[in-house]
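Welcome! Please take a moment with the sequence and the 3D view below, and then read on for a short guided tour.

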Amino acid sequence: MSDWVRVCSVSELPEGGRKVVEIGDRVIGLFRVNGNFYAIDDLCTHDGGPLAEGEVKGFTIICPRHGARFDLRTGQALSMPATRGTTAHEVRVQENDVFVKVQEP
């Protein structure tokens, strides 16, 4: 999938907010940190848990199941028990709309 998909308006996601969206067969966590939007697969690579339910600290999300940490900007795994990252997706804002372009893993 290589098309840009509108996922929400800017006003729907306040600073520090998060939203789970489905694009095709992908479940994606959308986050707003420091005025910017980031999108990653809502999938902990350690055990398949939902990352978007975790605590956000700066640009890091902490998996609520076992504490693995991931970078919201890149999807990179930052701590055990995750050993590989989750997929990060391109995000752009056009006027008042937020769009995501799904990247393949």
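## Where β4 meets β8

Let us begin with two strands: β4 is joined to strand β8 (residues 88–94) by 2 bridges, and the two run antiparallel. In this pairing, isoleucine 40 of β4 faces alanine 88 in β8. Please keep in mind that the model you are looking at is predicted.

Strand β4 is mostly covered, with 5 of its 6 residues buried. Asparagine 36 also lies in strand β4, and with a relative accessible area of 40% this asparagine 36 is partly exposed. Between the C-alpha atoms of asparagine 36 and arginine 18 there are 12 Å in space, while 18 residues separate the two in sequence.

## The hairpin of β3 and β4

On to the pairing of β4 with β3. These two strands pair in the antiparallel sense, over 6 bridges. Leucine 30 is placed opposite alanine 39 in β4. Together β3 and β4 make a hairpin that has 2 residues between the strands. In the turn you will find asparagine 34, with a positive phi of about 50 degrees.

Valine 33 is part of strand β3. Is valine 33 buried or exposed? Its relative accessibility is 9%, and because buried means under 20%, valine 33 counts as buried. Not counting residues up to four places away in sequence, valine 33 touches Glu15, Tyr38, Val56, Gly58, Phe59 and Leu72. Along the chain, valine 33 and phenylalanine 59 are 26 residues apart, yet their C-alpha atoms are separated by 7.0 Å.

## The sheet of six strands

Now for the wider setting of these strands. An open sheet is formed by 6 strands in the order β1-β9-β8-β4-β3-β2, with antiparallel pairing. At its edges stand β1 (4–9) and β2 (18–23); each has a single partner strand, so one side of each is left without a neighbour in the sheet. From one strand to the next, the twist averages 30 degrees.

At one of these edges, β1 pairs with strand β9 (residues 97–101) in the antiparallel sense, over 5 bridges. Here serine 9 has aspartate 97 in β9 as its bridge partner.

## The sheet of three strands

There is also an open sheet of 3 strands, in the order β5-β6-β7 and with antiparallel pairing. Its edge strands are β5 (55–57) and β7 (69–71), each of which pairs on one side only. On average, and with direction ignored, neighbouring strands of this sheet are turned by 25 degrees against each other.

How many bridges join β6 to β7? There are 3 bridges between strand β6 (residues 60–62) and β7, and the two run antiparallel. Isoleucine 61 has phenylalanine 70 in β7 opposite it. Threonine 60 is also found in strand β6, and its relative accessibility of 17% counts as buried. Leaving aside neighbours within four places in sequence, threonine 60 is in contact with Glu55, Arg69, Phe70, Leu72 and Leu78.

## Rings and a charge

Which rings come together here? Across the whole structure, a search finds 1 aromatic pair. The centres of the rings of tyrosine 38 and phenylalanine 59 are 5.7 Å apart and their planes are at 85 degrees, so the pair is edge-to-face. This pair links distant parts of the chain, 21 residues apart: tyrosine 38 sits in strand β4 (residues 36–41), and phenylalanine 59 in the loop between β5 and β6. Tyrosine 38 counts as buried at 15% relative accessibility, whereas phenylalanine 59 is partly exposed with a relative accessible area of 22%.

Another ring has a charge for company: the charged end of arginine 92 sits over the ring of phenylalanine 99, 5.6 Å from its centre.

## The nonpolar cores

The largest nonpolar core holds 14 residues, and of these Phe70 and Leu72 touch the most other members. β3 (26–33) and β4 each supply at least two residues of this core. With neighbours within four places in sequence left aside, leucine 72 is in contact with Phe31, Val33, Tyr38, Ile40, Val56, Gly58, Phe59, Thr60 and Ile61.

Apart from this core lies another one, of 13 residues. Among its members are Cys8, Val10, Phe37 and Val98.

Key:
Residues are numbered from 1 along each chain as its sequence is written. This is a predicted model: local features need pLDDT of at least 70, side-chain atom pairs count only at pLDDT 80 or more; totals for chains, interfaces and linings use all residues. Side-chain values use heavy atoms; hydrogens and water are left out. Two strands pair if DSSP finds at least two bridges between them. Helices (H or I, at least four residues) and strands (E, at least two) are DSSP runs, numbered from the N terminus. Axes are lines fitted to C-alpha atoms, for helices over the stretch in contact, and angles run from 0 to 180 degrees between N-to-C directions. Buried means under 20% relative accessible area, exposed over 50%, partly exposed in between (1.4 Å probe, protein chains only). Contact means heavy atoms within 4.5 Å. Rings of Phe, Tyr and Trp (its six-membered ring) pair if their centres lie within 6.5 Å; planes under 30 degrees apart count as stacked, over 60 as edge-to-face and the rest as tilted. A charge sits over a ring if NZ of Lys or CZ of Arg is within 6 Å of the ring centre and within 35 degrees of the ring normal. A nonpolar core is a set of buried Ala, Val, Leu, Ile, Met, Phe, Trp, Tyr and Cys residues joined through side-chain atoms within 4.5 Å.
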